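Notebook open, structure loaded. I want to look up the ligand site, then one pair of helices.

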Amino acid sequence: MKKLLSFFMIFAIAVTLAACGSGKDSGEQSATRENTEGAKQSSDTQEQVEENDEPSSEEPAGTEAKAIVVYFSATGNTRAVAETLAGLQGADLYEIVPEQPYTDEDLNYNNRSSRSTVEQNDPDARPAISGSIMDFEQYEVIYIGYPIWWGDMPRILYTFFDTYDFDGKIIAPFCTSGGSGLSGTPGTIAELESGATVIDGLHISSSSAGSAENSVSEWLETNGIEAKK
Ligand SMILES: Cc1cc2nc3c(=O)[nH]c(=O)nc-3n(C[C@H](O)[C@H](O)[C@H](O)COP(=O)(O)O)c2cc1C
């Protein structure tokens with residue numbers, strides 16, 4: 001009888017130990033499964049990232065292109081159009097700031113010896129720009145705005161075009177003026193930047209600069225550029 005009892009006790013201990021062992025095992029298994037699932041999730045995420053990185057061939061060309069609106073404005077008209085455009089496109093905005101600001105007297109076109117008249121009469125004048133654009137290479141589309149001075153871009157725009165490499169980029173010019181229109185400036189830009197594609201320019205009259213949203217939207221649409229906002 002004693003022997004039988006000992007046998008049952010040994011059997012009970014063995015069963016208990018086996019149960020404990022299998023409990024530990026199942027804990028490890030579930031932890032492993034969680035880890036595996038975690039690993040699978042992260043590998044799925046990785047796949048998604050890679051898939052998302054893949055440019056979709058169905059996406060219209062240019063819609064994901066990074067754009068910047070660059071402008072020079074001495075009296076605020078071109079700035080107003082530039083801000084409207086940057087708002088519509090969700091584009092970065094950069095102002096060309098002259099190292100030496102233009103005073104009212106500098107801008108006096110009735111004075112033959114004013115700074116602006118002298119600069120515009122000198123094809124080699126290159127007024128210095130204060131500061132620069134960081135990582136210019138990242139931009140594929142460059143909107144560039146300026147006032148018309150004496151039927152041309154202000155000379156500081158020539159400084160700007162001398163400074164950066166536009167090869168392979170799309171340049172979209174826009175200007176404001178009293179009444180002269182674009183005055184052939186997109187053609188001048190195309191000559192300066194022969195490695196870039198220059199699209200049709202937009203002219204806004206000085207008096208409409210503050211309410212140019214419709215004209216800007218139409219211009220974008222005509223050139224197949226999707227307004228993003
Ligand atoms: C020096 C100078 C020359 C200008 N020359 C012309 C011109 O040839 N044709 C024209 O229509 N407007 C001309 N304007 C007017 C400007 O193009 C117009 O006021 C423009 O909207 C100014 O832009 P901003 O305020 O961004 O500087 C001239 C203005 C200045 C200061």
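I count a residue as near the ligand if one of its heavy atoms lies within 4 Å of it. Worth jotting down before going on: this is a predicted model.

Ligand site. With that cut-off, I find 20 residues surrounding the ligand. The closest are Ser73, Thr75, Thr78, Ile148 and Ser180.

Next I looked up backbone contacts to ligand oxygen. For Ile148, a polar backbone atom sits 2.7 Å from an oxygen atom of the ligand. For Gly76, I get 3.0 Å between a polar backbone atom and a ligand oxygen. Gly151 also has a polar backbone atom 3.0 Å from an oxygen atom of the ligand.

Helix pair. I then turned to H2 (residues 77-89) and H6 (residues 213-222), which pack at about 55 degrees with their axes 10 Å apart. Angles from 65 to 115 degrees would be roughly perpendicular and those under 35 roughly parallel, so H2 is oblique to H6. I noted the crossing as right-handed.

Who touches whom? On H2, the contact uses Val81, Thr84, Leu85, Leu88 and Gln89. H6 brings Glu213, Val216, Ser217, Trp219 and Leu220. I sorted these contact residues as six nonpolar, three polar and one charged.

Terms used:
Residues are numbered from 1 along each chain as its sequence is written. This is a predicted model: local features need pLDDT of at least 70, side-chain atom pairs count only at pLDDT 80 or more; totals for chains, interfaces and linings use all residues. Side-chain values use heavy atoms; hydrogens and water are left out. Axes are lines fitted to C-alpha atoms, for helices over the stretch in contact, and angles run from 0 to 180 degrees between N-to-C directions. Helices (H or I, at least four residues) and strands (E, at least two) are DSSP runs, numbered from the N terminus. Angles under 35 degrees count as roughly parallel, over 145 as roughly antiparallel, 65 to 115 as roughly perpendicular and the rest as oblique. A crossing is left-handed if the near helix is turned anticlockwise from the far one by less than a right angle, and right-handed if clockwise. Contact means heavy atoms within 4.5 Å. Ala, Val, Leu, Ile, Met, Phe, Trp, Tyr, Cys and Pro count as nonpolar, Asp, Glu, Lys and Arg as charged, and the others, Gly among them, as polar. A polar contact is a pair of N or O atoms within 3.5 Å; within protein, one must be able to donate a hydrogen and the other to accept it, and residues adjacent in sequence count only if both atoms are side-chain atoms.
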